[in-house]
Amino acid sequence: MMSLLSNCTSGGCGAKIGPGELSKVLSGMPVFGDPKLLVGFDASDDAAVYQINQDTAIVSTVDFFSPMVDDARSFGRIAAANALSDVYSMGGTPLFALNLVCYPERMELEALGEILLGGAEKIQEAGAVLCGGHSIYDKEPKYGLAVTGRLDPERIWRNNTPAPGDQLILTKPLGIGIVMAALRGEMADEQAVQAAISSMQRLNKYAAEKMHSFPISACTDITGFGLLAHAREMAGEGTSLVLYSSELPYIPQAYKYAGDYLITAAAQRNRNHMQGFVDLGDTPFALQELMFDPQTSGGLFLSAPKSCAQELLSAIQEVEPQARIVGEVLLPQNSSILVR
Amino acid sequence: MNNIDCIGQVCPIPVIRAKKALESLGEAGGVVTVLVDNDIARQNLQKMATGLGYQSEYEQKENGNVEVTIVAGEGCAVESCATDGDSGLVVAIGRNSMGEGSQELGQILIKGFIFALRELVPPPTHVLFFNSGSYLTSSDSNCLEDLRALEAAGTVILTCGTCTNYFEITEKLGVGEITNMYGIVTAMAGAKRLINL
């Protein structure tokens, strides 16, 4: 069977258009002033939220990318888990999903069937329904979902509303991009690859369900922009975030791979983008790379009051054992993000 | 000399190939050149070289390709890093025009100033760009050719990253490196003579 990866120059969220480039384009767009649009693209949030009536809003998102793994079923699961994640990170529950498919005319349809089955598994696991889709021929295969969910408009988890004094929790280990880079370089060990694939396939549903019993100040999910870019978005103008590099969860081999310079283009783009906004202190190079590392289907990154953060962490660790408290929210400092 | 052609290859492949070539040189050391087709790969190669204690430099080639030269081992040095005849001159440029009065004239003057810097022998050790000066190193600048010539002559070209982020031109850097305020202060403090523009 023809390799999925052989058709792709870059896969997963590492292929996202850079955050700087994107905001340049979006700055020229008109602002849509519908009061029912509670969260739009001007907020750089994870998904759009539109109010239907007093106690119901819908949350809508779309995500697709080219393969980062060779196994078609796994790719389908990862792409679907990644697309569904934006609904969870806003505090919503997925209702239904549509497939988005680009596929080369000369590739076997059997692999496409596997991709779609993998996606369908995750939609079922999310408790949502698949209700259609759209497919076209393309040079590189791509797959993803448009997902619609429901949400209590009083309980939206925005990405940029942390409160000074809060603690920050990261639910999944970092290092996905580095392990996939090592795989591309044929230098990854099987255990690391399995850890990365298993993490990418895992729905953020379970961590989000635990979070619903606690007050959440802000939440987002980690994407190809890397932890630090999302931390900066979360900090906004009103706060600074301090991250404790020694507390960061990561796939163990990724630390070694980063030290061996198995590094991605996307991480360097992320590093360039964050220049001037992050004070890295004397953080070792490998940990810096992990914080710039592009994540595909990354974990949730959330801010919660210190009084309940430990209890919330324990609850999340029942479903995401590698979750950690990785930092806290400060009043604005010299730098948007401080790493200590 | 090891020449590695990484045109069409994405990171980490160029870095892995360069690192393997450098390791195969063993104790004796030597020179590895890597041809890549994007500046991010160049940045990753130099990050690896610096991290492992190698000297490196790069040269823009046609079609947007970049040739990165990495030198491993004692006794080998990249030519432009030689300190003989070091001018000790640092030029700090904090604006994209020269003098007060007409902005249009000022922009013609600054272009002429940077062109004239090429004629200095020995060349400046550093040219620093900040605030609106950072437009002069971005890909739209009409000074790129002169700055690249300076760079080829051994001048370190540094642009303030806070400034390029502010103007949203970080991705368009056309010559030299991004630096932070510490880098700017270090270059100024190390200057024998400093021209502030």
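## Two domains in chain B

In this predicted model, the centres of domain 1 of chain B and domain 2 of chain B, taken over C-alpha atoms, are separated by 25 Å. Domain 1 covers residues 2-80 of chain B, and domain 2 covers residues 89-196.

## A residue of chain B

Thr162(B) belongs to helix 5 of chain B, a helix formed by residues 161-166. Thr162(B) has 19 C-beta neighbours inside 10 Å, and because a residue is called buried if 20 or more lie within that distance and exposed if 12 or fewer do, Thr162(B) counts as partly exposed. Along the chain, Thr162(B) and Ile178(B) are 16 residues apart, while in space their C-alpha atoms are separated by 9.1 Å.

## Chain A as a whole

Chain A contains 11 helices and 13 strands, and its C-alpha atoms fill a box of roughly 55 × 55 × 45 Å when this is taken along the principal axes. For 340 residues, a compact globule would be expected to have a radius of gyration near 20 Å, and the 19 Å of chain A agrees with that value.

Of the 340 residues in chain A, 54% are buried. Among the contacts in chain A with a separation of 6 or more, 88% are accounted for by residues 24 or more positions apart.

## The six-stranded sheet of chain A

Chain A has an open sheet of 6 strands, in which the order is 1-2-3-6-4-5 and the pairing is mixed. Strand 1 (37-39) and strand 5 (129-137) of chain A stand at the edges, and because each has a single partner strand, one side of each is left without a neighbour in the sheet. From one strand to the next, the twist averages 20°.

The partner of edge strand 5 can be followed in some detail, since strand 4 of chain A (residues 93-103) runs parallel to strand 5 of chain A and is joined to it by 7 bridges. Within this part of the sheet, Val101(A) has Ser135(A), in strand 5 of chain A, as its bridge partner.

## Helices packed on the sheet

Helix 2 of chain A (residues 72-89) packs on the sheet, where it touches strand 3 (56-65), strand 4 and strand 6 (142-151) of chain A, and the direction of this helix makes about 30° with that of strand 6 of chain A.

Helix 3 of chain A (residues 109-125) also packs on the sheet, touching strand 4, strand 5 and strand 6 of chain A, and the direction of helix 3 makes about 170° with that of strand 4 of chain A.

How values were computed. Residues are numbered from 1 along each chain as its sequence is written. Chains are lettered from A and ligands numbered from 1 in the order in which they are written. This is a predicted model: local features need pLDDT of at least 70, side-chain atom pairs count only at pLDDT 80 or more; totals for chains, interfaces and linings use all residues. Domain bounds come from an automatic or database domain assignment. Helices (H or I, at least four residues) and strands (E, at least two) are DSSP runs, numbered from the N terminus. The radius of gyration is taken over C-alpha atoms; the globule rule is 2.2 Å times the number of residues to the power 0.38. Two residues are in contact if their C-beta atoms, placed from the backbone, lie within 7 Å. Two strands pair if DSSP finds at least two bridges between them. Axes are lines fitted to C-alpha atoms, for helices over the stretch in contact, and angles run from 0 to 180 degrees between N-to-C directions.
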